[in-house]
Amino acid sequence: RHGAVKNEDTFKTSPFHLDLWFYFTLQNWVLDFGRPIAMIILPLEWFPLNKPSAGDYFHMAYNVITPFLLLKLIERSPKTLPRSMVYVSIIMFVMGASIHLVGDSVNHRLIFSGYQHHLSVRENPIIKNLKPETLIDSFELLYYYDEYLGHSMWYIPFFLILFIYFTGCFTPVEEESRMPVAALLLMGPSSLYYWYLVTEGQIFILYIFTFFAMMALVMHQKRKGLVLDSNGLFLFYSFIITLVLIALWVVWLWNDKILRKKYPGVIYIPEPWAFYTLHMNNLHAAKESL
């Protein structure tokens, strides 16, 4: 039966998945974090504003490669995990990432027309003067698909799959609860990417609940005499470092009045791209003057 844990695989251990974690980290940095950078750096004449940008092609590759890596990660779990939930999560992930592809493509292309991510849709100079005014509603709908619906359908399944995998990362063998040097080297880039994912995606609540669930599971399994294996430690410590990076980011921008206005809620976590368009917009000005 799918989802049943077999007795014979209860105490199996799994070596550190250096290849998978390396591919995850590499493609996350190149295809996700790198896609808006590629769009800005590459000459505009190569990718006209009415055509997909280089970043869009990066996003398309991400939407194909990431689900494949997630499935491979689940396959390597020492336990039999709930396959039906995994498959539904993968389907939702692809749908959400594809919705985000469209919304994010248009929103990032608007940067070249003067759109400022640190302002709301209606406060942007290039938006608030549109006629008829109903066009503004269309841009707000686009923003909703990009920042809310797309992010939710993308990130909730992503973190759910990571947590499902994490539930199988326990072993009664203390010697298995060690990370190789390669894992320590990958932890920094991996944690930094999760920081970007949480802050840019505005998914701190989802991230912190996942982290708390991991902590609760670790304490529960510890009472049974089980400890995290090397893969579980890698994931758990990466989340801890991510939390530290988020805290440092918030402290650094705590007194930024403009960003405070855009993020007025109790949880104040500015997006890196909002910070970029607010404080580092000289690159865009230089491109517009060419």
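This is a friendly dialogue on how to read some features of a predicted model.

Reader: Where should I start, and what is the mean pLDDT of the protein chain?

Author: Start with confidence, since this model is predicted. The mean pLDDT of the protein chain is 86, and 91% of its residues reach 70 or more. Over residues 1-9, though, the pLDDT is below 50, and this stretch has 13 contacts in the model beyond near neighbours in sequence. Residues 286-290 also have a pLDDT below 50, with eight contacts beyond near neighbours in sequence. Where pLDDT is low, the predicted coordinates should not be read in detail.

Reader: Thanks! Where does UniProt place the feature "transmembrane region"?

Author: The UniProt record, an unreviewed entry, places that feature at residues 20-42, 57-74, 86-103, 154-173, 203-220 and 232-254. You can then look at what the model does over those ranges. Over residues 20-42 the chain is 96% helix and 0% strand, and the end C-alpha atoms lie 29 Å apart. Residues 203-220 are 94% helix and 0% strand, with 26 Å between the end C-alpha atoms.

Reader: Which residues make the nonpolar surface patch of about 450 Å²?

Author: First, the general idea. An α-helix has 3.6 residues a turn, so residues three or four places apart point the same way. Now the case here: the patch is made by Leu18, Phe22, Tyr23, Leu26 and Val30. Take Tyr23, which lies in helix H1, residues 18-41. Tyr23 has a relative accessible area of 44%, so this residue counts as partly exposed.

Reader: How do I read a salt bridge, and how many does the structure hold?

Author: Side chains of opposite charge can pair when their charged atoms come close. The structure holds eight salt bridges. In one of them, the side chains of Arg35 and Asp104 meet at 2.4 Å, N to O. Arg35 belongs to helix H1 and Asp104 to helix H3 (residues 83-109), so this pair ties together parts that are 69 residues apart in sequence.

Reader: Are Arg35 and Asp104 buried or exposed?

Author: Arg35 counts as buried because its relative accessibility is 7%, and buried means under 20%. Asp104 is buried as well, with a relative accessible area of 7%. There is a further partner to look for: Asp32, Arg35 and Asp104 are linked in a network of salt bridges.

Reader: Where do Glu123 and Lys261 lie?

Author: Their side chains meet in a salt bridge at 3.8 Å, N to O. Glu123 lies in the loop between H3 and H4, while Lys261 lies in helix H9 (residues 257-262), so the pair ties together parts that are 138 residues apart in sequence. Glu123 counts as partly exposed at 35% relative accessibility, and Lys261 counts as exposed at 62%. Another salt bridge joins the side chains of Glu271 and Lys262 at 4.0 Å, N to O. Glu271 is buried, with a relative accessible area of 6%.

Reader: How do I read the surroundings of one residue, and what does Lys128 touch?

Author: Set aside the residues up to four places away in sequence, and see what remains. For Lys128 these contacts are Arg122, Glu123 and Ile136. Lys128 sits in helix H4, residues 125-128, and is partly exposed at 46% relative accessible area.

Reader: Is Ser53 buried or exposed?

Author: Ser53 is buried, with a relative accessible area of 2%. Ser53 lies in the loop between H1 and helix H2 (54-75). Leaving out residues up to four places away in sequence, Ser53 touches Met39, Phe47 and Arg109.

Reader: And which residues are in contact with Leu101?

Author: Leu101 is found in helix H3 and counts as buried at 15% relative accessibility. Beyond its neighbours within four places in sequence, Leu101 is in contact with Asp56, His59, Met60 and Asn63. You can also compare sequence with space: Leu101 and Gly188 are 87 residues apart in sequence and 27 Å apart in space, C-alpha to C-alpha.

Reader: Can I read a whole helix this way, and how many residues of helix H10 are buried?

Author: Helix H10, residues 272-279, is mostly covered, with seven of its eight residues buried. Those buried residues are Pro272, Trp273, Ala274, Phe275, Tyr276, Thr277 and Leu278.

Methods
Residues numbered from 1 in each chain as written. Predicted model: local features only at pLDDT ≥ 70, side-chain atom pairs only at ≥ 80, totals over all residues. Heavy atoms only, no water. Patch = residues over 30% accessible without salt bridge, like charges linked within 9 Å, V, L, I, M, F, W, Y side chains within 5 Å. Areas by Shrake-Rupley, 256 points an atom, 1.4 Å probe, with all protein chains shown as cover. Helix = DSSP H or I, 4+ residues; strand = E, 2+ residues; numbered from the N terminus. Buried < 20%, exposed > 50% of the residue type's maximum accessible area, 1.4 Å probe, protein only. pLDDT = per-residue confidence, 0-100. Contact = heavy atoms within 4.5 Å. UniProt positions renumbered as here; feature names shortened; annotations may be inferred.
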